[in-house]
Amino acid sequence: MKILITGSNGLLGQNIVKQLLEKGNIDFLATSKGENRMSNLGSENYQQLDITSKEEVNILFKSYQPTVVINTAAMTNVDACEEHRDQCWDMTVNAVSYLIDACKKYNTHLIHLSTDFIFDGEKGPYKEEDKANPLSYYGQSKYEAELIIQKSGLKNWAIARTIIVYGVVEKMSRSNVVLWAKGALEKGSPINVVDDQFRSPTHGSDLAKGCLLIAEKQANGIFTFREKK
Ligand SMILES: NC(=O)c1ccc[n+]([C@@H]2O[C@H](COP(=O)([O-])OP(=O)(O)OC[C@H]3O[C@@H](n4cnc5c(N)ncnc54)[C@H](OP(=O)(O)O)[C@@H]3O)[C@@H](O)[C@H]2O)c1
């Protein structure tokens, strides 16, 4: 099995790479838009890849020919997606279509990360077959990416939906809810949080384990990742 990871500098990406390095016996290539930010990841296992470039995606698939791609790369700032809609669509939808085309060519299993933001929050916890109704542009674009994967005719695909990922990785590009609350409490500062949402934060390492299980079992379909009550 040859695993290609996109967005490997991110919270989930780094957790996946860490577990692959610990396993030690799996051929993998970590890629992200920026320079590698993981200190123990050697240059032989890292390459820069901007998934919004169809050309870069094609060149990389041609040279590496992955059995599995785990697409963790994303524009994850919900407000930025609202403000920069073209950029969000390019990253969340167009880039996924490039990955789909490349996966078809090399018979690659596509594992794509999605979100509970495809739902409107009127009920829950949501099951895989529940009807989507995204309220934000981020949610709409993530749902559109799910739809193009499902309609693509690709033989092997999995959509892993997750909720509020937390944890600590190297040189983090952004904080997360647990770190934010911990930091405020350590300073003795009050925290203001909404009190009408029930969500299930997911530790980055648990999510990474789930993604690698999907890869190992070559599982297809939609999977919801959230911590058990
Ligand atoms: N975090 C959450 O609470 C949450 C909740 C639900 C779903 N999800 C989904 O889970 C997945 C992983 O999220 P995450 O928290 O690990 O995200 P993250 O920490 O924000 O990391 C995303 C990574 O994507 C990379 N990236 C951005 N633009 C790229 C491009 N054009 N080409 C290649 N890589 C690019 C960035 O790499 P560089 O740093 O190298 O630029 C960044 O490190 C995403 O699909 C997200 O939508 C996350």
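Me: If helices (H or I, at least four residues) and strands (E, at least two) are DSSP runs, numbered from the N terminus, where is N107 found?

Reply: N107 is found in the loop between α4 (85–106) and β5. This is a predicted model, in which local features need pLDDT of at least 70, side-chain atom pairs count only at pLDDT 80 or more, and totals for chains, interfaces and linings use all residues. Residues are numbered from 1 along each chain as its sequence is written, while side-chain values use heavy atoms and leave out hydrogens and water.

Me: Why is N107 called partly exposed?

Reply: The relative accessible area of N107 is 49%, and the partly exposed class lies between buried, under 20%, and exposed, over 50% (1.4 Å probe, protein chains only). N107 therefore counts as partly exposed. Its phi is near 55 degrees, a positive value in a residue other than glycine.

Me: What makes Q65 partly exposed, and where is its place?

Reply: Q65 has 42% relative accessibility, a value that lies between the two limits, so Q65 is partly exposed. Its place is in the loop between α2 (54–64) and β4 (68–71), and its phi, near 45 degrees, is positive although the residue is not glycine.

Me: Why does T92 count as buried?

Reply: T92, whose place is in helix α4, has 5% relative accessibility, and because this is under the limit for buried, T92 is placed in that class.

Me: What does the side chain of T92 reach?

Reply: The side chain of T92 reaches the backbone oxygen of C88 at 2.7 Å. A polar contact is a pair of N or O atoms within 3.5 Å; within protein, one must be able to donate a hydrogen and the other to accept it, and residues adjacent in sequence count only if both atoms are side-chain atoms.

Me: How do you know that strand β6 is mostly covered?

Reply: In β6 (residues 157–162), six of its six residues are buried. W157, I159 and R161 point one way from the strand, whereas A158, A160 and T162 point the other way, and all are buried.

Me: Why are β5 and β6 called paired strands?

Reply: Two strands pair if DSSP finds at least two bridges between them, and β5 (residues 109–115) is joined to β6 by six, with the strands running parallel. These strands therefore pair. In β6, W157 is the bridge partner of L110. On the other count, five bridges join β6 to β9 (residues 221–225), again in parallel, and I159 stands opposite I222 in β9.

Me: What makes the unit of β5, α5 and β6 right-handed?

Reply: The test takes the strands as pointing away from the viewer, and a crossover is right-handed if the path from the first strand over the helix to the second runs clockwise. The β-α-β unit made by β5, helix α5 (residues 137–151) and β6 is of this right-handed kind. The loop between β5 and α5 holds P125, which a cis peptide bond, with omega about 0 degrees, joins to G124.

Me: Which strands pair with β1, and how many bridges are there?

Reply: β1 (residues 2–6), where four of the five residues are buried, pairs in the parallel sense with β2 (residues 27–32) over four bridges. I3 of β1 stands opposite F28 in β2, and the chain crosses from β1 through α1 to β2 in a right-handed β-α-β crossover. Four bridges also join β1 to β4, running parallel, and V68 is the bridge partner of I3 in β4.

Me: How do you know that D50 and K142 make polar contacts with the ligand?

Reply: A side-chain N or O atom of D50 is 2.8 Å from a nitrogen atom of the ligand, and one of K142 is 2.8 Å from an oxygen atom of the ligand. Both distances are within the limit for a polar contact, so both pairs qualify. The protein buries 88% of the 900 Å² that the ligand exposes when taken alone (Shrake-Rupley method, 1.4 Å probe; for residues, only the protein chains shown count as cover).

Me: Which element gives the most to the shell around the ligand?

Reply: β5 gives the most, with three residues. A residue is near the ligand if one of its heavy atoms lies within 4 Å of it, and of the 27 residues around the ligand, L12, G34, D50, T76 and Y138 come nearest.
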